[in-house]
Each structure stands twice: as C-alpha cells, then as structure tokens.
Amino acid sequence: QVYLVESGGGLVQPGGSLRLSCTASGLNFKIYTMNWYRQTSDKERELVAAITASGDTNYLDSVKGRFTISRNNARNTLYLQMDRLMPEDTAVYYCNVRAYARDFWGRGTQVTVAS
C-alpha cells in the first residue's frame, strides 16, 4: 500500500514562508512524478507544482517565482518551499502520486496566510 504523509503547514503572515514535506512509502519513490495540489472549500482541487523523476518541474502560473518543488529520493520525501505567501494561497495542500494505475493522496496539511 502507498502512503503519503504531509507536514509543515500552519499559520503565516502575508509575505512569509513555509516549507511543506511529504514522506512516501510503499512505492519506488524515485521513479515517479510527484505532485502538490491544493483545495479550498469553494474551489476544485488544483495542481500547484509537479516534479518528474528526472527533476523537471512545472508550476501553477500564480505560484511561479514564489514556490519551489524539490525531492530527496534517498529520504523518499517531497518538498514545497513557499515564499512570499499571499492570502489567496490559503488552502489545504495535498501530496499526490499516480502509481499502479491509480492516484494516491495524503490527508493534507492546512496552510493559512493571514495577518
């Protein structure tokens, strides 16, 4: 079974930073594209950032230049460094991987940006 566990969320002021982590188990982590999604109560879940096995990255336009996705294959861990946070970044952030022909999700971690 694949397990994804996120951590690192919290309350931060506008302009601040947070670093999310996602620890994966039950899969050969290094061969999979890993993703960060986010969701608010009034919007559909959206893809924030992705990183391929070779390290290529892709970002939602609104977070480009502010967020950085990275991975540590030795630790089976995915990261999302979020800088210059804005109130509109407030959401539950989910780690995701598509493996064995299905999607796996973590439980999510809440990020709240407010003064």
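Let's start with a pair of charged residues: K43 and E46 join their side chains in a salt bridge, with 3.8 Å from N to O. The structure you are looking at is a predicted model. This briefing walks through its salt bridges, its disulfide and one of its hairpins.

**Salt bridges**

- A bit of background helps here: side chains with opposite charges can pair if their charged atoms come close.
- The count for this structure is 6 salt bridges.
- In the pair you have just met, K43 is partly exposed, because its relative accessible area of 46% lies between the 20% and 50% cut-offs.
- K64 and D61 form another salt bridge through their side chains, at 3.0 Å from N to O.
- The two partners fall into separate classes: K64 is partly exposed at 48% relative accessibility, whereas D61 counts as exposed with 61%.
- D89 and R66 also meet in a salt bridge, and here the N to O distance is 2.7 Å.
- D89 sits in the loop between β8 (77-82) and β9 (91-99), while R66 sits in the loop between β6 (57-59) and β7 (67-72), so their bridge ties together parts that are 23 residues apart in sequence.
- Are these two residues buried or exposed? D89 is buried, with a relative accessible area of 1%, and R66 is buried too, at 7%.
- Some of these residues belong to a bigger picture: a network of salt bridges links R38, K43, E46, R66 and D89.

**The disulfide**

- How many disulfides does a search of the whole structure find? The search finds 1.
- Its partners are C22 and C95, whose sulfur atoms are 2.1 Å apart.
- This disulfide links distant parts of the chain, since C22 belongs to strand β3 (residues 18-25) and C95 to strand β9, 73 residues apart.
- The link of C22 and C95 is left-handed, with -75° about the S-S bond.
- C22 is buried at 0% relative accessible area, and C95 is likewise buried at 0%.

**The hairpin of β9 and β10**

- Strand β9, home of C95, also pairs with a neighbour: 4 bridges join β9 to strand β10 (residues 102-105), and the two run antiparallel.
- Which residue of β10 is the bridge partner of N96? That partner is W105.
- The hairpin has 2 residues between its strands, and Y100 takes a positive phi near 55° there.
- As you trace the strands, remember that side chains in a regular strand alternate between the two faces of the sheet.

Note on methods: Residues are numbered from 1 along each chain as its sequence is written. This is a predicted model: local features need pLDDT of at least 70, side-chain atom pairs count only at pLDDT 80 or more; totals for chains, interfaces and linings use all residues. Side-chain values use heavy atoms; hydrogens and water are left out. A salt bridge is a side-chain nitrogen of Lys or Arg within 4 Å of a carboxyl oxygen of Asp or Glu. Buried means under 20% relative accessible area, exposed over 50%, partly exposed in between (1.4 Å probe, protein chains only). Two strands pair if DSSP finds at least two bridges between them. A disulfide is a pair of cysteine sulfur atoms within 2.5 Å.
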